[in-house]
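Me: I'd like to talk through some of the labels people put on a structure like this. Can we take them one at a time?

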Amino acid sequence: MKKFFSLLAALLMLSAPVFSVCGSADGNACIYQVDNTLRQITVSKGKPYTITTENAVQTEEYSDNGSMLTDGIYAPIIDYTGTDWYGSGGWVGFKPVNSDESYTVSVTIDLGYVAVGIDKIYTRTMTEQRIGSATPESVAVAASVDGEHYFEIGNAIVQNEEFKSTEILINRLKLEKGFAARYIRVTYAQSGRYTLMTDEIDISLFGTVGETGSDMTDRQGIIYDISGVYAYVSGYAENRTEKVSGYAYPSNKDFNEDQTAFEIGTGFGESVTLINDFMTTDRPYYSNYCNDIKYIVIHNTGMCQKFWTARAVHKYLVYKNDGSSSSWHYTVDGKEVYHGLADYTVGWHAASNYNYCTIGIEICCNGAPVGPGGNNYPITTGEIYENWFNDDFLPALKNAAVLTAELLVKYGLETDDIIQHNDVYYFNQKQCPYYMRLNESKRLVHNGTGWNYFMDLVEQYYSAMTEQGCRTEVTVYPEEKTVPDYIVTESGKAYPVLLMSAPLAGDADGDGELTLNDAKLIHEYIIGALYYLRSPDADSDGTVTVADYLTILRTSKTE
């Protein structure tokens, strides 16, 4: 899509970026990493929407403030209106006007442009007996290019139709073939006996994505400007040499490139091998949600048999079929690190709304002594325990500290952003990471012996990369650049990219001038036509017009 658009705009686009290898005799680090990867992104975050109802009104206790359904903040299960638990915007509730009749609630989201290849729509609803809410009877999705003519997309799979006491439910619609649309309408149908409680609506697609920093420059050196719903290529950064704080070099490898392996922690002499081996997206416990990374959550596996190494636990994660819905990102033991879920994908590991903003790290406890009852009866005293803790568990904590420090630097986090599973588990009733919470008297406390050891190492490694000493970094951007379909800014919002530096091709709006509006129309309609490999002359009248592109996009879903 992007390659054709650039040719259409008469911009000379070069081939795929060259991955350079560089270094220097004086030990300066060359920092260069292309981050244009094909991955899932959320395009609905922060977008405006309207709500219409039939036989329904919003409840006073759970009313919408106009942004709660697309703000990217996932409401918790216990504090429905509070602002703790990661700044929750709370739930939005609806009730029937006439309780003897069913009712519907429709939410129409305006993406601001025609997004191409939308293939996943997810909504969250809640069943809660105490407030009379239950799973919706159905969730239907429709879409439109122009806001007037809608076509049906399908019905989401409602996760659970039982009236349980308290449960968050994910209603999902995943398509084998994507569609193009600007407006997405989600309609909930509910029995008049129950309240409808809903939260975030997530619309996502796959595309080539570039990440930008605070200066709006991606790792290829492409500089962007944001205007409205679009990002524009405004220039290219020059190579630079600069002094930065820290004497150790963070890894410049791509942590999210599947089927790769490399060393991390080499900057402070504590290297460990990181192996990227991601679960497939068709696994039933693959979330398909995009992760808004703000914290790192530390877990212990609780699988104490000697054979539950990082490799074994990782294989369980990516291949399990025992009905477990848990998933996490990294598994660590005293020898290596396995990465089973890309960082930008939500994992089900926190058992709270913190799933949507965290990276989960599981530290192996293989070989930990247990009683006759197995994993639920740990032995935490005696020579056998002390030998295991010192010989097996401390090396695992060291490797986990190396990984955590690298992730802090990579995602612009600080050591205060490291949290225990217990910190984010509802009602703080999860003694995890268990073995790190034991103090010298083997009593469970927050900052146990293992936790203090781990955090001291993280502080040391993080400081070596960000505070202590000074190093020279040489940033070399590639001469050949690939403009991504989208960029994602530090706020987590995705913007489609337009090439402003090119002469615009075609008076798309027919006003006799080549303007920015023509570029928008070209981007929205022509890439949509190419996406479905349709002839641009949809009505076969010998002339390609905007009407042709509208026709193509409206009918593409059914062909």
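Reply: Sure, here are the labels, each set against its cut-off.

Reply: One thing up front: this is a predicted model. The chain comes to eight helices and 25 strands, and 54% of its 559 residues are buried.

Me: Why is the pair of Tyr74 and Tyr356 called stacked?

Reply: The structure holds 24 aromatic pairs, and this is one of them. The ring centres are 3.8 Å apart and the planes sit at 10°. Pairing needs centres within 6.5 Å, and stacking needs planes under 30 degrees apart, so the Tyr74 and Tyr356 rings are stacked.

Me: What makes that pair a tie between parts of the chain?

Reply: Look at where the two residues are. Tyr74 is in the loop between β4 (56–58) and α2 (84–87), while Tyr356 is in the loop between β18 (336–339) and β19 (358–363). The parts are 282 residues apart in sequence, so the pair ties them together.

Me: How do you know whether Tyr74 and Tyr356 are buried or exposed?

Reply: Buried means under 20% relative accessible area. Tyr74 has 5%, so Tyr74 is buried. Tyr356 has 4%, so Tyr356 counts as buried.

Me: And what is the geometry of the aromatic pair Tyr434 and Tyr435?

Reply: Edge-to-face. The centres are 5.1 Å apart and the angle between the planes is 90°, where edge-to-face asks for over 60. Both tyrosines belong to a cluster linked by ring pairs, together with Tyr385, Trp388, Phe389 and Phe393.

Me: Why is Tyr434 called partly exposed?

Reply: The label partly exposed runs between the 20% and 50% limits. Tyr434 has 24% relative accessibility, so Tyr434 counts as partly exposed. Tyr435 has 3%, so Tyr435 is buried.

Me: How do you know that the charged end of Arg185 sits over the ring of Tyr150?

Reply: The charged end of Arg185 is 4.0 Å from the ring centre, and the distance limit is 6 Å, with an added limit of 35 degrees from the ring normal. The charged end of Lys320 likewise sits over the ring of Tyr285, at 4.6 Å from its centre.

Me: Which residues touch the most other members in the largest nonpolar core?

Reply: Ile361, Leu403 and Phe454, out of 47 residues. α4 (382–410) gives the most to this core, with 14 residues. Beyond its close sequence neighbours, Ile361 is in contact with residues including Ile296, Val332 and Leu407. Apart from this core lies another, of 42 residues, among them Ala56 and Val158.

Definitions and conventions: Residues numbered from 1 in each chain as written. Predicted model: local features only at pLDDT ≥ 70, side-chain atom pairs only at ≥ 80, totals over all residues. Heavy atoms only, no water. Phe/Tyr/Trp six-rings, centres within 6.5 Å; stacked < 30°, edge-to-face > 60°. Helix = DSSP H or I, 4+ residues; strand = E, 2+ residues; numbered from the N terminus. Buried < 20%, exposed > 50% of the residue type's maximum accessible area, 1.4 Å probe, protein only. Core = buried A, V, L, I, M, F, W, Y, C linked by side-chain atoms within 4.5 Å. Contact = heavy atoms within 4.5 Å. Lists of a residue's contacts leave out its neighbours within four places in sequence.
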